[in-house]
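Here is a friendly walk through one protein model, written for someone who likes to know how each term is defined. Please keep the viewer open while you read.

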Amino acid sequence: MRNDYQTYNCKILKVEKETADSSTFTLSLPYKGFNFVCGQYVMVSLPGFGEAAISISSDMNDRKAFQLTVREVGVLTSAMHNLKKGGILGVRGPYGRSFPVSQAKGRNILIVVGGCGIPPIRPVILDAVKNPQKYKKVYIFYGSKNEDTLFFKREYSRWRKVCDLNIALEKPKTKKFNKGMVTALFDLKNIPSDAIAYICGPPIMYKFVIEKILKQGFDPNKIFMSLERHMDCGLGVCQHCAVGPYYVCKDGPVFSYEELKNFKTWLSPI
Ligand SMILES: Cc1cc2nc3c(=O)[nH]c(=O)nc-3n(C[C@H](O)[C@H](O)[C@H](O)COP(=O)(O)OP(=O)(O)OC[C@H]3O[C@@H](n4cnc5c(N)ncnc54)[C@H](O)[C@@H]3O)c2cc1C
Ligand code: FES
């Protein structure tokens, strides 16, 4: 039987630059039968540089490789950015509660993402692109600083064939995009309130997005959010990632708004 906590060596097959400080790493599978659902993460390690949680950002249907989209913020993620094709990363997982993708089958989906929140949700976008009949309509509200901080630009024309992609930039350099925060997009488009909502972004974004979504009549049980917390043990022991009675590492990272609405600490910065 496979040990869930074993670390496997994965070979870097490709590195693609996303923004000035972020890249997407395509990796060989850690073991035969590796699969995941949108919102799950792996623990990535490099000897001498530590270990960190990174969401899987690739197509859930891909059985040959998987992808991680990583922002250079500290010790491990900087060391990863020094690696090239052929380099080796330690990977264990996947772990965590995913977005409820099977619940979304046949329904409208509203995806609201801000900044680096798009990689964990990209698997469901790629699933919709590959299986256009699977979901009713996929609305994407994506907020970022400017054109240079947008992830996955090379894919937007493919996404647009199936998804209604709406982008708002705080400081746009061109007139191609809406100006403002991601919440401004709610004033431009009506989303059917029977949609299931998937949200991922910086903590400050959640408060304002949830306000808008609740105003539109969404059911709190149908609003799902992925939380990011600094993790240590990853096993529900050390309390580093506690939010009310939950641990992000073990009970999350995806929670429904219904589960979190009485615990305000999930809104504080990590
Ligand atoms: C479920 C989940 C999914 C994630 N997915 C992604 C992803 O897809 N892509 C991605 O780039 N990142 C992701 N992250 C974030 C990533 O795990 C962290 O940014 C991680 O700290 C990076 O490791 P590092 O060694 O490079 O940075 P570190 O050296 O850990 O430093 C990162 C920053 O955090 C501060 N810091 C470090 N430890 C603590 C602590 N215990 N308490 C307070 N502050 C601390 C540092 O001062 C620094 O500013 C995810 C996190 C979680 C929990
Ligand atoms: S990381 Fe230790 S309890 Fe979650």
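Let us begin inside helix H3, where Arg-122, Pro-123, Val-124, Ile-125, Leu-126, Asp-127 and Ala-128 are the buried residues. A residue is called buried if 20 or more other C-beta atoms lie within 10 Å of its own, exposed if 12 or fewer, and partly exposed in between, with C-beta atoms placed from the backbone. Helices (H or I, at least four residues) and strands (E, at least two) are DSSP runs, numbered from the N terminus.

A word on the source: this is a predicted model, in which local features need pLDDT of at least 70 and side-chain atom pairs count only at pLDDT 80 or more, while totals for chains, interfaces and linings use all residues. Residues are numbered from 1 along each chain as its sequence is written, and chains are lettered from A and ligands numbered from 1 in the order in which they are written.

**Helix H3 and its cover**

H3 spans residues 122-130, and seven of its nine residues are buried, so the helix counts as mostly covered. What covers those buried residues includes helix H2 (101-104), E8, H4, E9 and E11. Contact here means that the C-beta atoms of two residues, placed from the backbone, lie within 7 Å. H3 lies across E8, E9 and E11, and runs at about 140° to E8. For that angle, axes are lines fitted to C-alpha atoms, for helices over the stretch in contact, and angles run from 0 to 180 degrees between N-to-C directions.

**The seven-stranded sheet**

Strands of a sheet pair through backbone hydrogen bonds, either parallel or antiparallel. In this model, an open sheet of seven strands has the order E10-E9-E8-E7-E11-E12-E15, with mixed pairing. Its edge strands are E10 (178-179) and E15, each of which pairs on one side only. Two strands are said to pair if DSSP finds at least two bridges between them. Some of the parallel pairs are set out here.

| Strand pair | Sense | Bridges | A bridge pair |
|---|---|---|---|
| E9 and E10 | parallel | two | Ala-168 with Asn-178 |
| E8 and E9 | parallel | seven | Tyr-142 with Ile-167 |
| E7 and E11 | parallel | five | Val-112 with Ile-199 |
| E11 and E12 | parallel | three | Ile-199 with Met-225 |

Between E9 and E10, Leu-169 is also bridged to Lys-179.

Which residues cover the two faces of strand E11? Ile-196, Tyr-198 and Cys-200 are buried on one side, and Ala-197 and Ile-199 are buried on the other. That fits the count for this strand (residues 196-200), where five of its five residues are buried. Ile-199 is a handy landmark: its bridge partner is Val-112 in E7, and Met-225 is its bridge partner in E12. E11 also takes part in a right-handed β-α-β unit with helix H5 (residues 203-215) and E12. Right-handed means that, with the strands pointing away from the viewer, the path from the first strand over the helix to the second runs clockwise.

**Around ligand 1**

How many residues surround ligand 1? There are 23, and the closest are Ala-52, Ser-55, Gly-74, Leu-76 and Thr-77. A residue is near the ligand if its C-beta atom, placed from the backbone, lies within 6 Å of it. Strand E4 (50-55), strand E5 (65-71) and helix H1 (75-81) are the elements that give two or more residues to this shell. E4 has the largest share, with five residues. Sorted by class, the shell holds 13 nonpolar, seven polar and three charged residues. Ala, Val, Leu, Ile, Met, Phe, Trp, Tyr, Cys and Pro count as nonpolar, Asp, Glu, Lys and Arg as charged, and the others, Gly among them, as polar.

**Backbone points to check**

Two cis peptide bonds deserve a look. The bond from Gly-93 to Pro-94 has omega near 5°, and Pro-94 sits in strand E6 (residues 88-95). The cis bond joining Gly-252 and Pro-253 has omega of about 10°, with Pro-253 in the loop between helix H6 (248-251) and strand E15 (254-256).

Positive phi values also appear in residues other than glycine. For Phe-152, phi is near 60°; this residue belongs to the loop between strand E8 (138-144) and helix H4 (156-160). Phe-152 counts as partly exposed because it has 19 C-beta neighbours inside 10 Å. For Gln-239, phi is near 80°, and its place is the loop between strand E12 (223-226) and strand E13 (242-243). Is Gln-239 buried or exposed? Gln-239 counts as exposed, because it has 9 C-beta neighbours inside 10 Å.
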